[in-house]
There are 2 protein chains.
Amino acid sequence: MATKQRGRPRSFDRDAALEKAMRAFWEHGYEATTVADLTRAMGIGAPSLYAAFGDKKTLFDEVVRFYSAAHASFGERAYAEEPTARAALARLLHEAAAAFTRPGLPHGCLVVHAATNCTTPGIEDALRDRRQADIAAFETRIRAGIAEGELPPDTDAAALARYMGAVFQGMSQQARDGASRSDLESLAGLAMAAWPASAKADTKRQQQTSSNA
Amino acid sequence: MATKQRGRPRSFDRDAALEKAMRAFWEHGYEATTVADLTRAMGIGAPSLYAAFGDKKTLFDEVVRFYSAAHASFGERAYAEEPTARAALARLLHEAAAAFTRPGLPHGCLVVHAATNCTTPGIEDALRDRRQADIAAFETRIRAGIAEGELPPDTDAAALARYMGAVFQGMSQQARDGASRSDLESLAGLAMAAWPASAKADTKRQQQTSSNA
DNA sequence: CGAATTCTATAGCGGGCGCTAGAGAAGAGC
DNA sequence: GCTCTTCTCTAGCGCCCGCTATAGAATTCG
C-alpha cells in the first residue's frame with residue numbers, strides 16, 4: 001500500500017536488468033546460463049539478484065513473461081488484425097522470420113529453445129505447455145476459419161495447426177543454425193503453399209510461391 | 001595386429017554399453033547427462049568408461065556415429081531406392097515419423113536435440129554441421145530432380161531443401177512434445193502438399209491432401 | 001607355478017554450480 | 001544531526017561436475 005519505500009533504494013534499473021537476463025537466457029538456455037553469467041550480464045551482484053528476483057527459476061519465469069510481452073506478441077496481433085485464418089497464420093510466419101533473425105538479439109525463439117535438455121524439474125514442462133498452447137491457438141483460429149466457410153469443412157484443424165507449429169519451430173531451429181531473414185521468408189512462403197484451398201472464392205491473398213492454378 | 005590380448009579381458013559388452021549411453025544422451029542431451037548417469041545406465045564404473053571410450057566428449061562423438069548408423073540411415077536408403085526426389089523426401093518424412101516415435105526409444109532426433117544449449121565447445125557445432133549436411137543432401141537430391149525434369153527449372157532448390165529440413169526438425173520437436181506417430185504422419189502429408197507441381201506429367205504419387213488441381 | 005599385463009572398485013581431487021550469511025554502505029524519516 | 005531500513009559487497013557454504021590415482025582382482029605368457 002505504501003508507495004514510499006524506506007531505506008536505501010535499489011541502485012540499478014530492475015527492468016533493464018531483466019532485459020539483460022532475458023538476452024542471456026535466450027542466447028544460452030536455462031541451464032547453460034549460470035548465475036555468474038547473469039550477474040555479469042546484469043551488472044549486479046548475486047545477493048542483489050536474489051533480493052530483486054527470487055531464485056534462478058523464478059527469474060527465468062519472469063524472463064519468459066517479459067519475452068512473451070516484448071518479442072512474442074505478434075501472434076495475437078495477427079489474429080486481431082487479419083481477416084482470415086490463412087492471412088493471420090501467413091503473417092505470423094513472416095513476422096516470426098523477422099523476429100527470429102533480429103539484429104542485435106539472439107536468433108530463434110526463446111520458448112522453443114531455452115529449456116531443452118533441462119534437468120531442473122518444471123522448467124522444461126512450462127515451456128512445453130506454452131508451445132502447445134500456441135498450437136492450440138492456431139487450431140482455434142483455423143476452426144473459426146472453417147466455421148466461417150474460409151476453409152473446407154473437412155479440414156483437419158488439429159493436424160493443420162500442428163503442421164504450422166512444426167514449421168514455426170523448424171524456422172526457429174533454422175534461425176539458430178544460421179538462416180537469414182530472407183531464408184526464413186521464403187521458407188514461410190513455401191510452408192503456406194500447403195494450406196488447403198479456399199472454400200469460398202474471396203481469399204485476400206494470392207499464394208506467394210509458384211501455384212499450379 | 002595381434003588378435004590375442006594379454007591381461008584381464010573387459011568384463012562388459014562394449015557395444016551394449018554404447019547403446020545404453022546412446023539412449024541416455026538421446027533422452028537428456030549432452031550436458032544434462034552426467035558421467036554418473038552414464039555409468040549407472042551402462043552398468044560399469046567410471047574408470048571402465050574412461051578406459052573404453054576416452055572422455056565424455058569422445059564417447060558422445062562415438063554415440064552420434066552409432067546413432068547415425070542405427071537410427072538415422074533412412075535418408076540414404078530413401079535416396080537410393082526411390083525414383084524421384086519427391087518420393088524420396090516424402091518417404092524420408094514418413095520414416096522420420098516412425099523413427100521419432102519408436103516405442104521403447106527416446107522420441108525425436110538425437111542430432112536435432114542432444115546438443116542444444118551446450119557450453120562445451122565443439123559439441124553444438126558438430127551436430128549443427130550434421131544438420132546442415134543433411135539439408136545439403138536434400139538440396140542435392142532436389143537439384144538432381146530439377147535436372148531430370150521432375151521439378152520445374154525455376155525451383156529454388158536451396159529454399160525447398162531448407163523447408164524440408166525445417167519440417168523435419170519441427171517434427172522432431174513435436175515428437176519430443178508428445179505428438180504420436182499418426183500425428184507426425186499427417187504432418188508429413190501436409191508438408192508434402194507444399195511440394196512444387198511436377199514439370200513432367202508422370203509423377204509417381206498423388207498429393208495426399210486436398211489439392212486445388 | 002611366478003611374473004607381467006590389463007581391467008575394475010573405492011575413494012577423492014580441483015573446480016564450478018546455486019545460493020546465502022555477515023558486515024558495511026547508502027539512502028529515508030525524524 | 002541520529003536512527004532505522006534496505007541494499008550491496010566479500011567471502012564462502014554444501015553439492016555435484018568431469019575425471020583420475022591407487023590398490024586389488026582377473027587373466028595370459030613363460
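**Notes on a helical model, starting from one leucine**

1. Let us begin with a single residue. A:Leu49 is buried, because 20 other C-beta atoms lie within 10 Å, and a count of 20 or more is what earns a residue that word. You will find A:Leu49 in helix α3 of chain A, which covers residues 46–53. Setting aside neighbours within four places in sequence, A:Leu49 is in contact with A:Leu38, A:Thr39, A:Met42 and A:Ile44. Try locating A:Leu18 too: A:Leu18 and A:Leu49 are 31 residues apart along the chain, and their C-alpha atoms are separated by 9.8 Å.

2. Before going on, please keep in mind that this is a predicted model. For chain A the mean pLDDT is 92, and 92% of the residues reach 70 or more. Which stretch of chain A calls for care, with pLDDT under 50? That stretch is residues 201–213, where pLDDT stays under 50 and the model has 19 contacts beyond four places in sequence. Where pLDDT is low, the predicted coordinates should not be read in detail.

3. Now step back to the whole chain. How many helices and strands does chain A have? There are 10 helices and 0 strands, so the pattern read along the sequence is simply α-α-α-α-α-α-α-α-α-α. Taken along the principal axes, the C-alpha atoms of chain A fill a box of roughly 70 × 40 × 30 Å. Chain A has 213 residues, and 43% of them count as buried. Take the contacts in chain A between residues at least 6 apart in sequence: 63% of these join residues at least 24 apart.

4. Helix α9 of chain A, residues 157–176, is a good one to follow, together with helix α8, residues 123–147. Two packed helices are described by the angle between their axes and the distance between the axes. For α8(A) and α9(A), the angle is about 135 degrees and the axes are 8 Å apart. The two helices are therefore oblique to each other, and their crossing is right-handed. On the α8(A) side, the residues that meet α9(A) include A:Phe138, A:Ile142 and A:Ile146. Among their partners in α9(A) are A:Ala157, A:Leu160 and A:Met164. By class, the residues of this contact divide into 9 nonpolar, 1 polar and 4 charged.

5. The same kind of description works for α9(A) and helix α6 of chain A, residues 85–99. Here the axes come within 10 Å and cross at roughly 10 degrees, and α6(A) and α9(A) are therefore roughly parallel to each other. From α6(A), the contact uses A:Leu89, A:Leu93, A:Ala96 and A:Ala97. From α9(A), it uses A:Met164, A:Val167, A:Phe168 and A:Met171. These residues divide into 8 nonpolar, no polar and no charged. Do look for A:Met164 on screen, since this residue takes part in the contact with α8(A) and in the contact with α6(A).

6. Finally, have a look at where the two chains meet. The contact takes 39 residues from chain A and 40 residues from chain B. On the chain B side, the elements giving two or more residues are α8 (123–147), α9 (157–176) and α10 (181–192). Which of these gives the largest share of the side of chain B that touches chain A? The largest share comes from α9(B), with 12 residues. Sorted by class, this side of chain B has 17 nonpolar, 16 polar and 7 charged residues.

Terms used: Residues numbered from 1 in each chain as written. Chains lettered and ligands numbered in written order. Predicted model: local features only at pLDDT ≥ 70, side-chain atom pairs only at ≥ 80, totals over all residues. pLDDT = per-residue confidence, 0-100. Contact = placed C-beta atoms within 7 Å. Axes fitted to C-alpha atoms, helices over the stretch in contact; angles between N-to-C directions. Helix = DSSP H or I, 4+ residues; strand = E, 2+ residues; numbered from the N terminus. Parallel < 35°, antiparallel > 145°, perpendicular 65-115°, else oblique. Left-handed = near helix turned anticlockwise from the far one by under 90°. Nonpolar A, V, L, I, M, F, W, Y, C, P; charged D, E, K, R; others polar. Buried ≥ 20, exposed ≤ 12 C-beta atoms within 10 Å, placed from the backbone.
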